[in-house]
Amino acid sequence: MRIEKLPAAFIGAQQVLQVIEKHGYEAYFVGGSVRDTLLNLPIHDVDLATSAYPAEIKQIFPRTIDTGIEHGTVTVLHHKHSYEITTFRTESGYQDYRRPDRVTFVRSLREDLMRRDFTVNALAMRENGEVIDLFSGISDLRRHIIRAVGNPNERFHEDALRMMRAVRFGSQLDFTIEAATMAAIQTNSPLLEKIAVERIHVEFVKMLLGMAPLRGLQQMLTTDLLRYVPVLKDEIDSIAALIKHPLAQRLADETQVWSWLAFSLDWNAPRIRKTLQAWKSSKQLISAVTSVTSALQALLDHQLTNWQLYKTGAQNLVTAAQVAVVLGHVDETQSLQHRYDQLPIHNKHELNIDGKQLIQAGVKPGPQLGQLLNQLEQQVVAGTIANEQDQLLAAARTQSEA
């Protein structure tokens, strides 16, 4: 098969491959960029592979960076652009079910592609668009199948994260996992405990952002993968019930993913913190999911007050409204944005009074000062006091004397 017109993402790198070939070596585009081109999907990263060893690449190109030279990767600087080029290699060892103990550079494209995870990712393409398919990856693309290259048990022992990648690709592309590959995931699912949660986290979120997220969760249940991930292993019955309810639209980002899960599994704020900390999430994400989940509950209960609008913030309100749509509710994004825009202030810095002015007005420094500022902030948001300094000072004097 030959792709007559390559996407723009390949154009600059074509010259790099041509230069390598002129020096007598093989060079190809490989992996996901080839797969996504065949599927007419957007291309994110273009990977280049070659029969030239790192030292030979450095002889061919005058400007290079040793990006990961021990694993065969050299960055080439060519015409003001940078390209990572990796030598064909084989890997062996994998005592930790994650990283190879030994990497050996080879001249054979077949040997290099044999170490890859799935047939749809084991595709190579020449600079002229000719696709090299040694493991029936094109057939699997046409049949919408995720299938391991060679023996699936060997592939998962090499890197146990590949089991998560299988369900992630199944969801992301709306593909079915081939039977032998699926059986091997179930057999080897306990190996997932060997993998750092940060790596699992990435695949899990990508899975739920895919075209078939509930199928991904179902496959994690069926293969027992869910039994070997933090916190969710204790939610198996709840997740089994959850996947029976179809989503009205796709989830759009990680905050939506965790907010949907947290709301659907009825997590309170401490449970959200515990779960996301176990998944090594950022404080920013934990705060956003906590805020969105609380606002979502109030929104669906028709109890979303101005104070909660104010504390939730514009972005999290939009997220809450969109998760409600995912759950099959009416889209209230515009009305929430309008309500938020109509608030007298949108953060405490817009309050027309501060601690210094209150002290000058006779309020003593200390905890009472902070409490008073908070009361004034809430009253302005509620509309019971205008955000004008004279009214705020008068209210402050009254409340401090009470």
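**Reading strands and helix contacts**

Visitor: In the hairpin of S4 and S5, which residue takes a positive phi?

Guide: His-79 does, with phi near 50°. The hairpin has 2 residues between its strands. Keep in mind that this is a predicted model.

Visitor: How many bridges join S4 to S5, and which way do they run?

Guide: Strands of a sheet pair through backbone hydrogen bonds, either parallel or antiparallel. Here, 6 bridges join S4 to S5, and the two run antiparallel. One pair to look up is Leu-77 with its bridge partner in S5, Ser-82.

Visitor: In what sense do S2 and S5 pair?

Guide: S2 and S5 are parallel, with 3 bridges. Start at Leu-48, whose bridge partner in S5 is Ile-85. Then take Ala-49, which stands opposite Thr-86 in S5.

Visitor: Which residue in S2 does Tyr-28 stand opposite?

Guide: Ala-49 again. So follow Ala-49 both ways: Tyr-28 stands opposite it, and Ala-49 itself stands opposite Thr-86 in S5.

Visitor: How do S1 and S2 run?

Guide: Strand S1 (residues 27–30) and strand S2 (residues 47–50) run antiparallel, joined by 4 bridges. Val-30 has Asp-47 in S2 as its bridge partner.

Visitor: In what order do the 7 strands form the sheet?

Guide: The order is S3-S4-S5-S2-S1-S8-S9. The sheet is open and its pairing is mixed. At the edges are strand S3 (64–68) and strand S9 (131–133), each pairing on one side only. Ignoring direction, neighbouring strands are turned by 35° against each other on average.

Visitor: Which strands of the sheet does helix H1 touch?

Guide: H1 (residues 8–22) packs on the sheet and touches S1, S2, S4 (73–78), S5 (81–87) and S8 (123–125). The direction of H1 makes about 150° with that of S1.

Visitor: On to helix pairs. At what angle do H12 and H16 pack?

Guide: Read the angle and the axis distance together. Helix H12 (residues 254–264) and helix H16 (residues 314–326) pack at about 60°, with axes 10 Å apart. H12 and H16 are therefore oblique to each other. The crossing of H12 past H16 is right-handed.

Visitor: Which residues in H12 meet which in H16?

Guide: From H12 come Thr-255, Gln-256, Ser-259 and Trp-260. From H16 come Thr-319, Gln-322, Val-323 and Val-326. By class, this contact of H12 with H16 has 3 nonpolar, 5 polar and no charged residues.

Visitor: At what angle do the axes of H9 and H12 cross?

Guide: At roughly 85°. The axes of helix H9 (residues 197–208) and H12 come within 10 Å. The crossing angle makes H9 roughly perpendicular to H12.

Visitor: Which residues in H9 meet H12?

Guide: They are His-201, Phe-204, Val-205 and Leu-208. In H12 they meet Glu-254, Val-257, Trp-258, Trp-260 and Leu-261. The contact of H9 with H12 divides into 7 nonpolar, 1 polar and 1 charged residues. Note Trp-260: it is in the contact of H12 with H16 and also in that of H9 with H12.

Visitor: Now the whole chain. How many helices and strands are there?

Guide: The protein chain has 20 helices and 11 strands. Its radius of gyration is 28 Å, well over the 21 Å that the globule rule gives for 402 residues, so the chain is more spread out than a compact globule. Along the principal axes, its C-alpha atoms fill a box of roughly 85 × 50 × 40 Å.

How values were computed: Residues numbered from 1 in each chain as written. Predicted model: local features only at pLDDT ≥ 70, side-chain atom pairs only at ≥ 80, totals over all residues. Heavy atoms only, no water. Axes fitted to C-alpha atoms, helices over the stretch in contact; angles between N-to-C directions. Parallel < 35°, antiparallel > 145°, perpendicular 65-115°, else oblique. Left-handed = near helix turned anticlockwise from the far one by under 90°. Contact = heavy atoms within 4.5 Å. Nonpolar A, V, L, I, M, F, W, Y, C, P; charged D, E, K, R; others polar. Pairing = 2+ DSSP bridges. Rg over C-alpha atoms; globule rule 2.2 N^0.38 Å.
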